[in-house]
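This report looks at one protein model, taking its sheet and its charged side chains in turn. Please keep the sequence and the structure in view while reading.

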Amino acid sequence: MSFFHAGPAPKARGPRPGVLRDGLDLSPGMAVGLFGGSFNPAHDGHAHVAETAMRRLGLDRVVWMVSPQNPLKNARDSAPLNERMASAVAAAALAASGPSMIVSDFESRAGTRWTIDSLRALTARHPGVRFVWLMGSDNLAGFHRWRGWTDIMELMPVAVIARPGSLHHSRTAPAAARYASARVPTRQARLLPDLEAPAWTWLTAPLNPRSSTALRAARDAAAHL
């Protein structure tokens with residue numbers, strides 16, 4: 001299976017200033033977590049990740065960026081975007097910081113396919129906002145397969161939230177090894193939004209075992225009864 005190695009991602013032109021209405025109410029100085037994914041479907045495990053990041057990093061907002069289609073996943077396995085958006089809205093409402101959670105179709109609006117292009121577009125559109133990329137530890141394990149993953153690490157701080165079943169593989173992941181010197185101790189995690197990239201931290205919390213894969217399997221099994 002082919003995957004993207006370290007190296008610069010092509011710089012997409014992106015939307016012209018003033019053309020795109022992204023629906024995000026963000027102000028300079030805010031600390032904002034960007035939580036991307038297929039959310040196929042979203043569930044309380046996602047809410048757990050977002051809430052953990054919100055609380056431990058002292059964030060003002062968490063933006064759930066629902067991907068039109070993950071380039072590394074089969075489109076046939078994905079529910080329509082509107083269904084996944086609805087599931088993300090429902091899951092975000094489960095978080096204690098629900099009002100501070102924003103579910104966004106930014107990537108569809110911007111026409112971006114790769115995460116790095118979406119993040120570049122967001123940082124250009126919202127100067128002065130202190131963005132942090134959020135991911136579960138299951139994503140860190142395969143982060144080196146993402147296009148422009150080193151560019152993401154160099155663009156903004158990253159917070160990795162522990163998820164069950166991936167603790168060992170994520171701690172020994174190529175991305176963790178490559179940026180070992182940029183890791184911020186967990187006790188200093190609240191400083192992360194103010195740090196210059198590359199900077200990343202690992203957040204532990206009581207593990208939530210829910211997964212989108214298991215939910216899809218249960219749904220498919222019920223459909224065949």
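Is Arg 120 buried or exposed? In this predicted model, Arg 120 has a relative accessibility of 17% and therefore counts as buried, since the word buried is used for values under 20%. Its salt-bridge partner, Asp 117, is also buried, with a relative accessible area of 12%. The closest N and O atoms of Arg 120 and Asp 117 are 3.8 Å apart, and both residues lie in helix α4, where three residues, about one turn of the helix, separate them.

**The sheet and its helices**

To see where helix α4 sits, it helps to turn to the sheet. Seven strands form an open sheet with parallel pairing, in the order β3-β2-β1-β4-β5-β7-β6. The edges are taken by β3 (101–104) and β6 (183–184), and because each of these has a single partner strand, one side of each is left without a neighbour in the sheet. Strand β1 (residues 31–37) runs parallel to strand β2 (residues 61–66), and six bridges join the two; Leu 34, for example, has Val 63 in β2 as its bridge partner.

Two helices that pack on this sheet can be described in a similar way. Helix α2 (residues 81–92) touches β2 and β3, and its direction makes about 155 degrees with that of β2. Helix α4 (residues 115–125) touches β1, β2 and β4 (130–136), and the angle between its direction and that of β4 is about 155 degrees.

**The salt bridges**

Side chains of opposite charge can pair when their charged atoms come close. The model has four salt bridges, and the table lists some of them, with the distance between the closest N and O atoms.

| Pair | Closest N and O atoms |
|---|---|
| Asp 105 and Arg 109 | 2.7 Å |
| Arg 120 and Asp 117 | 3.8 Å |
| Asp 194 and Arg 130 | 2.6 Å |

In the pair of Asp 194 and Arg 130, Asp 194 lies in the loop between β6 and β7 (200–203) while Arg 130 lies in strand β4, so the pair ties together parts that are 64 residues apart in sequence. Asp 194 counts as exposed at 53% relative accessibility, whereas Arg 130, at 27%, counts as partly exposed. Salt bridges that share partners also join Asp 117, Arg 120 and Asp 151 into one network.

As for the remaining pair in the table, Asp 105 is partly exposed, with a relative accessible area of 22%, and Arg 109 likewise counts as partly exposed, at 41% relative accessibility.

Note on methods:
Residues numbered from 1 in each chain as written. Predicted model: local features only at pLDDT ≥ 70, side-chain atom pairs only at ≥ 80, totals over all residues. Heavy atoms only, no water. Pairing = 2+ DSSP bridges. Helix = DSSP H or I, 4+ residues; strand = E, 2+ residues; numbered from the N terminus. Contact = heavy atoms within 4.5 Å. Axes fitted to C-alpha atoms, helices over the stretch in contact; angles between N-to-C directions. Salt bridge = Lys/Arg side-chain N within 4 Å of Asp/Glu carboxyl O. Buried < 20%, exposed > 50% of the residue type's maximum accessible area, 1.4 Å probe, protein only.
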